[in-house]
Amino acid sequence: MKYISTRQSTTDFSASNAIHQGLANDGGLLVPKNWPKIEWNDSWKNLNFPNFAYQVLIPFFKGDNLESHLKDICDKAFDFPLPIVDLKNNTSVLELFHGPTCAFKDFGARFLALCCQHIPQYRNEKQAMVLVATSGDTGGAVASAFTQLTSINVTILFPKYKVSKRQEAQLCCWGNQVKSFRVNGTFDDCQRMAKEIFLNQEWHKKFNLISANSINLARILPQMAYFAFASLQSKEKANFIIPSGNMGNAAAAIWARQLGFPINKIIFSHNSNSTVVDYFNSGKWSPKPSIETLANAMDVGNPSNFERIRNLIPDLNDLKAFAAAYCVSDSDIKKTISSLANIGYLACPHTATAFYIRNHFASLNENWIIAATAHPSKFESIVEPLIGRSIAIPLALESILTTNPVFKDIEPNILSLEYGLNEPHYS
Ligand SMILES: *Cc1c(COP(=O)(O)O)cnc(C)c1O
């Protein structure tokens with residue numbers, strides 16, 4: 001199994017090299033060169049998620065050094081529940097937030113960390129460093145995964161004032177192995193800095209860099225596996241609504257469909273950041289500066305993973321044949337959280353965008369599965385005032401909140417990051 005860039009270059013990468021590389025040399029994202037055929041059958045419906053993921057993912061690692069470790073990686077990475085909750089009225093919820101940091105990012109981050117442990121480049125004398133730009137949840141998931149599962153160092157870039165208190169605590173509680181930088185800018189600035197560093201030879205000379213953003217193949221693959229898993233639990237072909245920002249989950253669901261799993265329609269629910277919705281309407285791809293919203297992990301104006309989707313489905317009409325995208329305003333997010341609480345379901349602001357679309361744009365006669373991307377207690381300052389009571393905090397989150405946060409403030413450029421990394425406090 002080989003991987004190639006979404007852009008011009010024709011170099012092939014093995015799975016391990018694709019994970020090590022993050023981005024292709026031409027700045028493109030890595031995608032399968034040929035799509036494997038997966039011969040699933042009804043008995044797969046009875047597999048637990050780690051075993052199911054192993055079955056789906058093994059062709060993606062064929063011939064790679066990671067192939068023989070994959071079973072063990074899946075067992076360790078996905079050692080938490082993945083419930084599908086039936087809410088009646090043809091609506092169910094794929095709860096992706098039962099991992100250690102209470103957001104779906106745990107799946108990809110833990111899978112990536114365990115893959116990196118077996119990639120030879122990260123075992124030589126040059127220091128391995130995970131670099132991650134985060135709009136809120138990725139950084140915590142990556143820091144947690146790498147500190148718990150490996151001895152690899154982590155550098156986190158997060159936007160100042162744009163993450164929740166609890167998210168910030170989760171980014172800055174890990175101690176020496178993790179260095180957190182609060183960037184005076186937006187998530188797009190953080191992402192731009194990460195991309196610049198990955199294309200910079202000086203940084204590569206110094207560190208064995210690992211990209212943990214959703215551009216990394218190892219993050220997308222397990223996400224593809226959970227959409228495939230959920231599709232087999234559905235009575236008819238599955239329809240998904242997916243809260244989307246950088247479009248990693250969106251690309252993963254489309255990949256699961258491409259593999260032949262029984263997936264019919266897919267809707268991307270966005271907050272007021274409308275780049276993808278505008279593309280659906282106009283056919284023109286024009287990234288914009290990101291706008292702050294209540295669903296902050298989706299505040300992305302230039303969604304990187306859309307390049308993977310366009311690579312697979314270049315013609316907008318082909319995409320529209322099964323997919324759609326809508327924006328949901330902050331006030332509709334709030335209304336949705338309140339009305340869901342009235343029927344006894346608590347949703348985070350991201351998940352609320354999907355519920356809003358389920359009720360306003362998706363046929364009530366069809367079954368829809370909503371991807372619930374984070375636990376509502378991570379966004380207590382938004383959710384609690386709307387529902388008029390406090391939300392119980394999962395144990396994993398509670399222990400983090402009692403630690404003193406440690407981070408450094410930097411300007412949105414890589415020079416500033418270099419200084420930050422070299423300061424005694426962080427060296
Ligand atoms: C990261 C994140 C998203 C956006 O996911 P993408 O794969 O980047 O589109 C949505 N909701 C939550 C809670 C997130 O953390």
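These legends accompany several close-up views of a predicted model.

**View 1. The ligand and the residues around it.**
Let us start with the ligand, which sits in the largest cavity. Which residues come nearest to it? Of the 15 residues around the ligand, these are K105, D137, G245, M247 and T373. The backbone also takes part in this view: a backbone N or O atom of N246 lies 2.9 Å from an oxygen atom of the ligand. For G248, a backbone N or O atom is found 3.0 Å from a ligand oxygen atom. N249 brings a polar backbone atom to 2.9 Å from an oxygen atom of the ligand. Taken alone, the ligand exposes 380 Å², and the protein buries 97% of that.

**View 2. T138 in helix α5.**
Here we move to T138, whose place is in helix α5, spanning residues 137-149. Is T138 buried or exposed? Its relative accessibility is 6%, so T138 counts as buried. Leaving out residues up to four places away in sequence, T138 touches K105, V132, A133, A212 and R219. One of these, K105, may be familiar from the ligand view, where K105 is among the residues that come nearest to the ligand.

**View 3. H20 in helix α1.**
This close-up centres on H20, a residue of helix α1 (residues 15-21). H20 has 18% relative accessibility and therefore counts as buried, as the cut-off for buried is under 20%. Which residues is H20 in contact with, leaving aside its neighbours within four places in sequence? They are I119, Q121, Y122, N208 and L209.

**View 4. S377 and its surroundings.**
S377 is found in the loop between β12 (368-372) and α16. With a relative accessibility of 0%, S377 counts as buried. Not counting residues up to four places away in sequence, S377 touches R166, I391, A392, I393, P394 and L397. How long is the polar contact that joins the side chains of S377 and H375? That contact is 2.8 Å. For a sense of scale, look from S377 across to A145: the two are 232 residues apart in sequence, and their C-alpha atoms are 20 Å apart in space.

**View 5. Two loop residues with positive phi, K88 and C102.**
This pair of close-ups invites a look at the backbone. K88 has a phi near 65°, a positive value in a residue other than glycine. C102 likewise has a positive phi, near 65°, and is not a glycine. Where are they found? K88 is in the loop between β3 (84-86) and β4 (91-95), while C102 is in the loop between β4 and α4 (105-117). Their surroundings can be read from accessibility: K88, at 58%, counts as exposed, whereas C102 is buried, with a relative accessible area of 2%.

**View 6. G388 in the loop between α16 and α17.**
The last stop is G388, found in the loop that links α16 (380-387) and α17 (395-401). Is G388 buried or exposed? Its relative accessibility is 66%, so G388 counts as exposed. Also worth finding in this view is A341, which is 47 residues from G388 along the chain. The C-alpha atoms of G388 and A341 are separated by 9.8 Å.

How values were computed: Residues numbered from 1 in each chain as written. Predicted model: local features only at pLDDT ≥ 70, side-chain atom pairs only at ≥ 80, totals over all residues. Heavy atoms only, no water. Helix = DSSP H or I, 4+ residues; strand = E, 2+ residues; numbered from the N terminus. Buried < 20%, exposed > 50% of the residue type's maximum accessible area, 1.4 Å probe, protein only. Contact = heavy atoms within 4.5 Å. Near = heavy atom within 4 Å. Polar contact = N/O pair within 3.5 Å; in protein donor to acceptor, adjacent residues only side chain to side chain. Areas by Shrake-Rupley, 256 points an atom, 1.4 Å probe, with all protein chains shown as cover. 1 Å grid on protein atoms, 1.4 Å probe; cavity = no way out; pocket = protein on both sides within 12 Å on 5 of 7 lines; lining within 4 Å. Sits in = over half its atoms within 2 Å of the grid points.
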